[in-house]
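Colleague: I'd like to go through this model with you before I head back to the bench. Can we take it piece by piece?

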Amino acid sequence: MSGLKTMVATAATPAWNEAEAAAIIASHRHREGPLLPILHAIQAAFGCVPPEAEPLIANALNLSRAEIHGVVTFYHDFRRKPAGRHVLKLCRAEACQSMGGEANAARLLATIGLDWGGTTPDGRLTIEPVYCLGLCANAPAALFDDMPVGRADAARLETLVREAA
């Protein structure tokens, strides 16, 4: 896995487009409880919820920018910058902790030189924390590109990281 640190950046980052964001907001603003659907749609379009989107959403929903920012930063699934091409979420809940999940995660993060939420320099892998995947019977658990992974021990995590290449 040491090769991860030295790879050249190749990830494409979706560019911010205010007109596209305005269209997304307009398509959802008449829904009941439109904020979360708008934030999810913005993230789907741009890979994250860029700070530039907050005033547009606040204006459309007659909310303060602080309210929008509070929601974006409260929910861990909303990103402030695009993730890598692959996302590995590691469960940090109690059952996974008791089965060595924290030690496995710490070893993996140290090996590839990332912190929680970090993305490899080549943009191919982001590692994020998650608090309970509901796979407690198969702890420690992970989610690799939305596919659940049970019994995610150190060897299995290393295999997942290699597969992200």
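Modeller: Sure, and one term comes up straight away: a cavity is a set of grid points where a 1.4 Å probe fits but cannot get out. Keep in mind that this is a predicted model.

Colleague: Okay, how many cavities of 30 Å³ or more are there?

Modeller: Rolling a probe the size of a water molecule over the atoms shows where empty space is left. With the cut-off set at 30 Å³ or more, the count of cavities is 2.

Colleague: What volume does the largest cavity have, going by the model?

Modeller: Its lining includes Leu90, Cys91, Gly101 and Asn104, along with Pro140 and Leu157. The volume of the largest cavity comes to about 50 Å³.

Colleague: Which element gives the most to the lining of that largest cavity?

Modeller: Two elements give two or more residues to the lining of the largest cavity: strand E1 (86–91) and helix H6 (101–112). By class, that lining has 7 nonpolar, 2 polar and no charged residues. The top contributor, with 3 residues, is H6.

Colleague: How does H6 sit relative to H7, oblique or roughly parallel?

Modeller: The axes of H6 and helix H7 (residues 154–163) come within 9 Å and cross at roughly 40°. Angles under 35 degrees would count as roughly parallel. The crossing angle therefore makes H6 and H7 oblique.

Colleague: And which residues of H7 does H6 meet?

Modeller: The crossing of H6 and H7 is right-handed. By class, their contact has 5 nonpolar, 1 polar and 2 charged residues. From H6 come Asn104, Arg107, Leu108 and Ile112, and the residues they meet in H7 are Ala154, Leu157, Glu158 and Val161.

Colleague: Let's go to the open side of things. Which element gives the most to the lining of the largest pocket?

Modeller: The largest pocket has a volume of about 250 Å³. Helix H4 (65–74) and strand E2 (125–130) each supply at least two residues of its lining. The one that gives the most, with 3 residues, is E2.

Colleague: Which residues lie nearest the centre of the largest pocket?

Modeller: The lining divides by class into 6 nonpolar, 5 polar and 4 charged residues. Of the 15 residues that line the largest pocket, those nearest its centre are His76, Phe78, Arg79, Gly117 and Glu128.

Colleague: Now the front end. Which residues of H3 does H1 meet?

Modeller: Helix H1 (residues 18–28) and helix H3 (residues 53–61) have axes that come within 10 Å and cross at roughly 35°. H1 passes H3 in a right-handed crossing. The contact residues divide into 5 nonpolar, no polar and 1 charged. On the H1 side they are Glu18, Ala21 and Ile25, and on the H3 side Leu56, Ile57 and Ala60.

Colleague: What about H2 against H3, roughly antiparallel or roughly perpendicular?

Modeller: The axes of helix H2 (residues 35–46) and H3 come within 12 Å, crossing at roughly 150°. Since angles over 145 degrees fall in that class, the crossing makes H2 and H3 roughly antiparallel.

Colleague: How many charged residues are in the contact of H2 with H3?

Modeller: H2 brings Leu35, Ile38, Leu39 and Ile42, while H3 brings Ala53, Ile57 and Leu61. The residues of this contact divide into 7 nonpolar and no polar, and the charged ones number none.

Colleague: Anything odd in the backbone? Which peptide bond is cis?

Modeller: Most residues other than glycine have a negative phi, and most peptide bonds are trans. Pro140 sits in the loop between E2 and strand E3 (142–144). With omega near -5°, the cis bond is the one from Ala139 to Pro140.

Colleague: And what phi does Cys132 have?

Modeller: Cys132 is found in the loop between E2 and E3. Cys132 is not a glycine, yet its phi is positive, at about 90°.

Colleague: To finish, what pattern does the protein follow along the sequence?

Modeller: The C-alpha atoms fill a box of roughly 50 × 35 × 25 Å, taken along the principal axes. The protein has 7 helices and 4 strands. Read along the sequence, the pattern is α-α-α-α-β-α-α-β-β-β-α.

How values were computed: Residues are numbered from 1 along each chain as its sequence is written. This is a predicted model: local features need pLDDT of at least 70, side-chain atom pairs count only at pLDDT 80 or more; totals for chains, interfaces and linings use all residues. Side-chain values use heavy atoms; hydrogens and water are left out. On a 1 Å grid over the protein atoms alone, a cavity is a set of points where a 1.4 Å probe fits but cannot get out, and a pocket is an open set with protein on both sides within 12 Å along at least five of seven lines; lining residues have an atom within 4 Å of a point. Grid points are joined across faces, edges and corners, and a volume is the space filled by probe spheres set on the points. Ala, Val, Leu, Ile, Met, Phe, Trp, Tyr, Cys and Pro count as nonpolar, Asp, Glu, Lys and Arg as charged, and the others, Gly among them, as polar. Axes are lines fitted to C-alpha atoms, for helices over the stretch in contact, and angles run from 0 to 180 degrees between N-to-C directions. Angles under 35 degrees count as roughly parallel, over 145 as roughly antiparallel, 65 to 115 as roughly perpendicular and the rest as oblique. A crossing is left-handed if the near helix is turned anticlockwise from the far one by less than a right angle, and right-handed if clockwise. Contact means heavy atoms within 4.5 Å.
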